[in-house]
Amino acid sequence: MSTQFSLEAVRAATPGIENVIHVNNAGSALPPSVVTDTVVDYLRREEAIGGYETADERHGQLEAVYDSLGALVGAPREHMAVIENATRAWDMAVYGYPFERGDRVVTCRAEYSSNVLAFLQLERRFGIEMVLIDDDDYGQIDLAQVDTELAAGAAMMAMTHIPTSGGLINPAEEVGALCAKHGVFYVLDACQSAGQVPLDVNTIGCDVLSGTGRKYLRGPRGTGFLYAGERALEVLEPPFIDLHSADWTQADDYEWRPDARRFENWETYYAGKAGLGVAVDYALSLGIETTAARITNLGARLRAGLESLDRVGVHDKGARRGGIVTFTVDGVDAASVQAQLLLRKINTSTSGPDRARLDLEPRGLPTVIRASAHYYNSEDEIDAVIQAVDAVR
Ligand SMILES: Cc1ncc(COP(=O)(O)O)c(C=O)c1O
């Protein structure tokens, strides 16, 4: 696909930049107007002719969403499902795994909090064992330890590619190679990486990948997606069933859908789905290699600027880092910094150790401020954030 990136054009297509400096993209990004227009137009059509009738009329548009998602991660459309958020997408796969008592699940310190809660629940309910891999000297997952633990026997490797609370980009492909070496089922949480860095399930080698619409893809809230590879379709049984995921073949029998849509719900957010497809197409049209490089540069600029300030600590780990920057200001708690920045029309968020008990808590960090840059942020905006933190300090 031929791609083009113009900062001027992407900013012109992003109405929100008139109101705010938005560095809360790891929370929910400002959508381009083409995404909002698609959702609103879809809803208007439902208003005009009815929901089921709109779905019939827009069948082609809705079906094309699977092609778009497939293109995003390098997979055939049959392996893609649209699910309301990244957590449920991940849950549909992980809770669908046929765990047996004593099964070991290997994961990392950066694993998303809701995923860890799920493993704790699975420990209680089914007696699985969660095995935690430590960070290496760079603060990313320790690959040598992954190798050792997978060699010792594991049912599943679950890793978060880019954590919610930091700039780290975990080595997804290297972990995929180790999973292939040991024949271990690999689940990748790509919630923060979808739209932020290029994703190719073939080179990553994951069985399952989950993502969300509203963050770096700049799609509508309430949208997410799942990739389920060949092995996933063989091994996983969705934890829930309905008339969309299965055919009721006889009074006492049913058959699962053959494709990944068996993980979907019958009822879904159609307007959002249409918007998600457009968001993915938009991201692809800009070129994710290009936008990823820009996000990395803006993240590095922000980090360097904040590091140059006295009494400001930057807490990102990793050999490779992206657009998420976490920091603290000595003597000013994170909520106050966030509020002060908001008064200056700068959107950030905070991340607390109570939500990152395997990551921030053992590092002894308090709640940190998270500023997450996107390609549509200008260098001037990043510098304005640094100046604002300087003033707050
Ligand atoms: C790494 C990671 N995984 C999963 C999620 C959950 O995504 P969603 O809110 O779409 O379920 C988040 C949300 O912040 C996240 O950062």
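Here are three short exercises on the sheet in this predicted model.

**Exercise 1. Work out which strands stand at the edges of the seven-stranded open sheet.**

Solution. Start with the strand order, which reads β2-β8-β7-β6-β5-β3-β4, with mixed pairing. Now look at the two ends: β2 (80-83) and β4 (129-133) each have a single partner strand, so one side of each lacks a neighbour in the sheet. As for twist, neighbouring strands are turned by 20° against each other on average, ignoring direction.

**Exercise 2. Find the partners of β6 and say how the chain gets there from β5.**

Solution. Take β5 (residues 156-160) to begin with: five bridges join it to β6, and the two run parallel. Within that pair, Met159 sits opposite Leu188. Next, follow the chain: it leaves β5, passes through helix α8 (residues 172-182) and enters β6, giving a right-handed β-α-β crossover. Then turn to β7 (residues 208-212), which is parallel to β6 (residues 185-189) and joined to it by three bridges. Here Val187 has Val208 as its bridge partner, while Leu188 stands opposite Leu209. To finish, check what packs on the sheet: helix α5 (residues 86-94) touches β2, β6, β7 and β8 (224-228), and its direction makes about 30° with that of β8.

**Exercise 3. Decide whether the residues of β6 are buried or exposed.**

Solution. The cut-off for buried is 20 or more other C-beta atoms within 10 Å of a residue's own. Side chains in a regular strand alternate between the two faces of the sheet, so go face by face. One side carries Phe185, Val187 and Asp189, the other Tyr186 and Leu188, and all are buried. That's five of five, so β6 is largely enclosed by the rest of the structure.

Definitions and conventions. Residues are numbered from 1 along each chain as its sequence is written. This is a predicted model: local features need pLDDT of at least 70, side-chain atom pairs count only at pLDDT 80 or more; totals for chains, interfaces and linings use all residues. Two strands pair if DSSP finds at least two bridges between them. Helices (H or I, at least four residues) and strands (E, at least two) are DSSP runs, numbered from the N terminus. Axes are lines fitted to C-alpha atoms, for helices over the stretch in contact, and angles run from 0 to 180 degrees between N-to-C directions. Two residues are in contact if their C-beta atoms, placed from the backbone, lie within 7 Å. A residue is buried if 20 or more other C-beta atoms lie within 10 Å of its own, exposed if 12 or fewer, and partly exposed in between; C-beta atoms are placed from the backbone. A crossover is right-handed if, with the strands pointing away from the viewer, the path from the first strand over the helix to the second runs clockwise.
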